[in-house]
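Biologist: Thanks for sitting down with me. Could we go through this model together, one question at a time?

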2 protein chains.
Amino acid sequence: MRIGELAERTRVPTRLLRYYEEQELLSPDRGANGYRDYAESLVDRVTQIRGLLDAGLPTKIIRQILPTLDNPCTIHVTDATPELIATLEHERARMDSRIGCLTRNRDAISAYLDAVRRGPATP
Amino acid sequence: MRIGELAERTRVPTRLLRYYEEQELLSPDRGANGYRDYAESLVDRVTQIRGLLDAGLPTKIIRQILPTLDNPCTIHVTDATPELIATLEHERARMDSRIGCLTRNRDAISAYLDAVRRGPATP
DNA sequence: TCAGACATTGACACTAATGTGAAGGAAAGA
DNA sequence: TCTTTCCTTCACATTAGTGTCAATGTCTGA
């Protein structure tokens, strides 16, 4: 599909899709006319990128971990350098702490909302 | 304590502590000489701010939710406007989706690392 | 077939947010 | 006094994301 359709389906502006390509998060094919040609699977890919960016991961890290998220069991196992493995372990640890922090604070917000809803009069 | 000690204990540069004050995430007292005077509790507060920023929350949101994270059951229940409650519910939902996204991708990285460690020769 | 509407391209510049560096001066402490 | 710490302020770096422009490609309906 072309960029307009992908933008519509992912609700990500075309401008941003080109930006992600510039950041090497996407590598669509090109038609004879030079237009980008996105595979069907890139709809999910874009959603995944958005989620990771929203979660606070920088593009540089996303670029590194994206290939591992496709097919963990098959293709990409072979080209795993020790550096990549170290990076992934490091990032996994960071994601763990992120998850922990977010969970703690979300729970605190939930507790606050519960307390408010129960009413200030209840001790 | 003064800014230098807080910086040392939290490992957050003094420059950044002043920046957080500018962003209204911290409000230290001031001594007669104009020096910032940080309460003991702000050590944890700074750690919490760092965690939330690392998790991708912007300062504007952190500023809003910080007061609710202190003592959900006591003090701040009274001054909860409907707008604040709506904001908190919205942010909690966003944090939920962040947690979900991070968890999914972390698990995918884990699966990849497991597969690599088991060795490419195992089908 | 051709004209007009619309999509796509690359390119440059720009904003907003987070984070830093450094200059110049005042206060603290040895 | 002399060094360290702290003050304010200005400027800059980086990252994610936008605006916009002119040129070109595509599509549709007369």
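Biologist: How do the residues of the surface near DNA strand D divide into nonpolar, polar and charged?
Modeller: Keep in mind that this is a predicted model. In it, 20 residues surround DNA strand D, and the closest are A:Arg15, A:Asn33, A:Arg50, A:Thr59 and B:Arg36. Sorted by type, the residues of this surface come to 8 nonpolar, 4 polar and 8 charged.

Biologist: Which element gives the largest share of the surface near DNA strand D?
Modeller: Both chains take part: helix H2 (14-22) and helix H3 (42-54) of chain A, together with H1 and helix H2 (14-22) of chain B, each supply at least two residues. The largest share is 4 residues, and the element that gives it is H2(A).

Biologist: What percentage of the atoms of DNA strand D within 4 Å of the protein belong to sugar or phosphate?
Modeller: Some individual contacts set the scene: a polar side-chain atom of A:Tyr35 lies 3.3 Å from a sugar or linking oxygen of the strand, and an N or O atom in the side chain of A:Tyr20 is 3.2 Å from a phosphate oxygen. Bases make up the rest of the strand atoms within 4 Å of the protein, while the part belonging to sugar or phosphate is 69%.

Biologist: How far is a phosphate oxygen of DNA strand D from an N or O atom in the side chain of A:Arg50?
Modeller: A:Arg50 is among the closest residues to DNA strand D. Its side chain has an N or O atom whose distance from a phosphate oxygen of the strand is 2.7 Å.

Biologist: Let's turn to the pocket. Which element supplies the largest share of the lining of the largest pocket?
Modeller: The pocket holds about 300 Å³ of space. Two elements give two or more residues to its lining, H5 of chain A and H3 of chain B. Chain A residues in the lining include A:Arg94, A:Cys101 and A:Asn105, and chain B residues include B:Thr47 and B:Gly51. The lining divides into 2 nonpolar, 5 polar and 5 charged residues, and its largest share, 7 residues, comes from H5(A).

Biologist: B:Arg50 and B:Asp54 are among the residues lining that pocket. How far apart are the closest N and O atoms of their salt bridge?
Modeller: Both residues lie in helix H3 (residues 42-54) of chain B, 4 residues apart, or about one turn of the helix. B:Arg50 is partly exposed at 25% relative accessible area, and B:Asp54 is partly exposed at 34%. The closest N and O atoms of the pair are separated by 2.8 Å.

Biologist: Why does the salt bridge between A:Glu89 and B:Arg117 join two chains?
Modeller: The whole structure has 18 salt bridges over all chains, and in this one the closest N and O atoms are 3.0 Å apart. A:Glu89 lies in helix H5 (residues 82-118) of chain A and B:Arg117 in helix H5 (residues 82-118) of chain B, so the pair joins chain A and chain B.

Biologist: One last question: is B:Glu5 buried or partly exposed?
Modeller: B:Glu5 makes a salt bridge with B:Arg9 at 3.4 Å, N to O, and both lie in helix H1 (residues 3-10) of chain B. B:Arg9 has a relative accessible area of 40%. The limit for buried is under 20%, and B:Glu5 has 39% relative accessibility, so B:Glu5 counts as partly exposed.

Methods: Residues numbered from 1 in each chain as written. Chains lettered and ligands numbered in written order. Predicted model: local features only at pLDDT ≥ 70, side-chain atom pairs only at ≥ 80, totals over all residues. Heavy atoms only, no water. Salt bridge = Lys/Arg side-chain N within 4 Å of Asp/Glu carboxyl O. Buried < 20%, exposed > 50% of the residue type's maximum accessible area, 1.4 Å probe, protein only. 1 Å grid on protein atoms, 1.4 Å probe; cavity = no way out; pocket = protein on both sides within 12 Å on 5 of 7 lines; lining within 4 Å. Points joined across faces, edges and corners; volume = space filled by probe spheres on them. Nonpolar A, V, L, I, M, F, W, Y, C, P; charged D, E, K, R; others polar. Near = heavy atom within 4 Å. Polar contact = N/O pair within 3.5 Å; in protein donor to acceptor, adjacent residues only side chain to side chain.
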